[in-house]
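Reader: I should like to understand how the terms applied to this structure are justified. Please set each value against its definition.

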Amino acid sequence: MATCPPYPTHVHRHTHWWQRTWVRYGALITLLALSGLVILALVREQTGTQGFLVGLGLAVLPVPLLVAAFRWLDRVDPGPWRNLLFCFAWGACAAALIAIVANSFATRWIATATADPAGADTWGATVIAPVVEESAKAAAVLLVFLFRRRDFTGIVDGVVVAGVTATGFAFTENILYLGTAFGTDQLTGDSGIASVTAATFFVRVVMSPFAHPLFTVLTGIGFGIAALSAGRHRLRRALLPLAGLLLAMGMHALWNGSAAFGEYGFFGVYAAFMVPSFGLLTWLVIWTRQRELGTVRAELPAYVAAGWLTPAEPYALGSMRARRVARQYARKHAGKEGARAVARYEACATSVAFLRQRGRRGRAGADFTVRERQLLDALWSLRGVARPALDHAARATAPPAPAPRPVPPWAYGYGYGAQGAYGYATAHPPYRPYGPHPPHHPQASHAPYPQAPHAPYPQYAPPSPQHAPYTPPGPHRP
């Protein structure tokens, strides 16, 4: 029987002070904090204190809805909150500061060089702003892609990271625009629906809160497809994010330049491009999420064969409805801690399914075996709470059993087997345990892990050519 490779021994290596984790985190937090203070001072200088407070109160309204929407898209394999906090802070502070400084400098330079302030404003809005802003937002996606590669595995991750970054950027930009509009109303005396503030709020917050996320999501999709590409396709991995960035710049430029298309140019671009693009990208993300659930259902049966999971779990973990029912069951019987344990179990099971898929396709990293074992150990430690909840969810969400076929009087019963587990007809027992002992066998109760089968674990491609052919770890024998 194949055995699990041992854990690598820790080798002490001398690291410089700037390579330590706490130094890097401290430097990043300091950079974002300083950017936030500077952008706060710049926005307050342009809008005034009262305008800043009004803009802040109005700009914050769409933020929870957008973040919740992106978090909902990421429910299959949710990434850590620290990544989302970094992305939002980068968009609201660093990217906004880069955009304000670069756009102002470029517009002034064009105005001085051409002696045409109106033309400089047009060039700044349609050419300079899309390039600068999308590049500044794409920097956050690139940083997560490079330094949090374990959490960046596909299109949905790229969409979520890019969308949250753009949400932070739009938040700061909305403060500036709404605060400036309020200052204009204070000078003209306008108020109510006819005010500039109301018009700005309607256009930026009601009609197009998804505008900036929609642009940057194209960049995120490029990075997501690059994450799915095999390591040997280096040119593709480099060109796909660049192509997504160029598409984001193009759509941003079209949106900003819609005012040049006449009185109804804005509404024409909104109806002809923005709404269809939003619908198409929404469909793409939801379709990708369904494929991820299909991956979970396809990859986890191998771990059922090894004894890590029960036969009902691939079905339950591959259904968002069953996952929700399992968490509700755990909350009802084990409280909030039980619901959190089930959520953690679902996340680990999903991660190990995606990890196994990458291993089969030759895209796993050098830490593949260690990472897989860590996830499996986490599953085993949470099984006491999660397994009853998932088993209940599988029974509660299973499709109804088909109606039994009428048995003709001349038939001898061939082909009319009993109904199997979860409503599917079978002529055999619904579950035949793998391995030398069933999980309930007395000799199996002393083992720290469930019994392994006689046959080797299903093998798949090694992570890299220099490694020996990899066999996924099976549970230990007593």
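Reader: Why is Phe266 called buried?

Author: The model is predicted; local features need pLDDT of at least 70, side-chain atom pairs count only at pLDDT 80 or more, and totals for chains, interfaces and linings use all residues. Residues are numbered from 1 along each chain as its sequence is written, and side-chain values use heavy atoms, with hydrogens and water left out. Buried means under 20% relative accessible area, exposed over 50%, and partly exposed in between (1.4 Å probe, protein chains only). Phe266 has a relative accessible area of 17%, so Phe266 counts as buried.

Reader: What makes Phe267 partly exposed?

Author: Phe267 has 47% relative accessibility; this value lies between the two cut-offs, so the residue is partly exposed.

Reader: Why is the pair of Phe266 and Phe267 called edge-to-face?

Author: Rings of Phe, Tyr and Trp (its six-membered ring) pair if their centres lie within 6.5 Å; planes under 30 degrees apart count as stacked, over 60 as edge-to-face and the rest as tilted. Phe266 and Phe267 lie 5.2 Å centre to centre with 80° between the planes, so they form an edge-to-face pair. Both residues belong to one aromatic cluster with Phe210, Trp255, Tyr270 and Phe278.

Reader: How do you know that the charged end of Arg204 sits over the ring of Tyr177?

Author: A charge sits over a ring if NZ of Lys or CZ of Arg is within 6 Å of the ring centre and within 35 degrees of the ring normal. The charged end of Arg204 is 4.2 Å from the centre of the Tyr177 ring, and Arg204 is placed over that ring.
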